[in-house]
Amino acid sequence: RGEEKNREERRSWRAWDMAEFQEGKYSTGNSAATVANAEPGGDGGAGSAAVGTLATMTQYIPSIDTIKERFGDIWTRSRPWGEFGSVAQMQVITNPGELKDRMLDNFQYFFFNYLVILIVLSALTILTSPLSLLGGFFILAAYVYLFVMNNEPIVVSGYELDNKGKMVVVVLFSLVVLWLTGAGATFTGLLITMSILSSIHAAVRKSSNEVDFETAYEPVNI
């Protein structure tokens, strides 16, 4: 009878906690810890921990409005796209010193233009490769569980993992996930492609510091 009573109490705790969580009575900041610790040692501990991890992860997933706001800020800080792609301002130079200065100037001047292109290409890559999104979700879950829900050192199979140890675990786990989902090769290829395209543009586009002698010349009336 005692064991049956304990099981009944655990089921009651579990039902009560889940009802409270679904009604939004837990605050976002402590919902994960509360749900995860609702029934220590109980049969549903793993399930509660999973729910707590998902609840905590929602804090790190930006809303659609936040994404729009941040992308809009980046877009407004970029240079006019007509200026960015002006064919009339394209000129090849062969002097290594001048080429280096031009590329450094353009990387700084058109930084947000390059960033917009990278964001758009990344979004298209994720939409065409759902496994990449799934891999990122698992990596985020591992980070939240190890560093947010368990910010103190944890013991695994008799070994204590501090922050450095947990970071090693996250990095190794991330490499495995990226390899299994193919996201690593996908995003590596994307970064390489973007680096090549931006470098070509920065090399052939006249920088804002270069004097255009064709348009800057003004005849002097004597």
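Helices (H or I, at least four residues) and strands (E, at least two) are DSSP runs, numbered from the N terminus. This is a predicted model, in which local features need pLDDT of at least 70 and side-chain atom pairs count only at pLDDT 80 or more, while totals for chains, interfaces and linings use all residues. Residues are numbered from 1 along each chain as its sequence is written, and side-chain values use heavy atoms, with hydrogens and water left out.

The chain holds 11 helices and 2 strands. Read from the N terminus, the order is α-α-α-α-α-α-α-α-β-β-α-α-α. Of its 222 residues, 27% are buried, where buried means under 20% relative accessible area, exposed over 50%, and partly exposed in between (1.4 Å probe, protein chains only).

The largest nonpolar core has 7 residues: Phe 84, Met 103, Phe 110, Tyr 114, Met 194, Ala 202 and Ala 203. Such a core is a set of buried Ala, Val, Leu, Ile, Met, Phe, Trp, Tyr and Cys residues joined through side-chain atoms within 4.5 Å. Helix α10 (residues 183–204) gives the most to this core, 3 residues. Apart from the largest core lies another, of 5 residues, including Leu 146, Phe 147, Leu 161 and Val 170.

On the surface, Tyr 143, Met 167, Val 168, Val 171, Leu 172 and Leu 175 make a nonpolar patch of about 550 Å². Areas come from the Shrake-Rupley method with a 1.4 Å probe; for residues, only the protein chains shown count as cover. Patch residues have over 30% relative accessible area and no salt bridge (a side-chain nitrogen of Lys or Arg within 4 Å of a carboxyl oxygen of Asp or Glu); like charges are joined within 9 Å, nonpolar side chains (Val, Leu, Ile, Met, Phe, Trp, Tyr) within 5 Å. Val 168 lies in helix α9 and counts as partly exposed because its relative accessibility is 48%.
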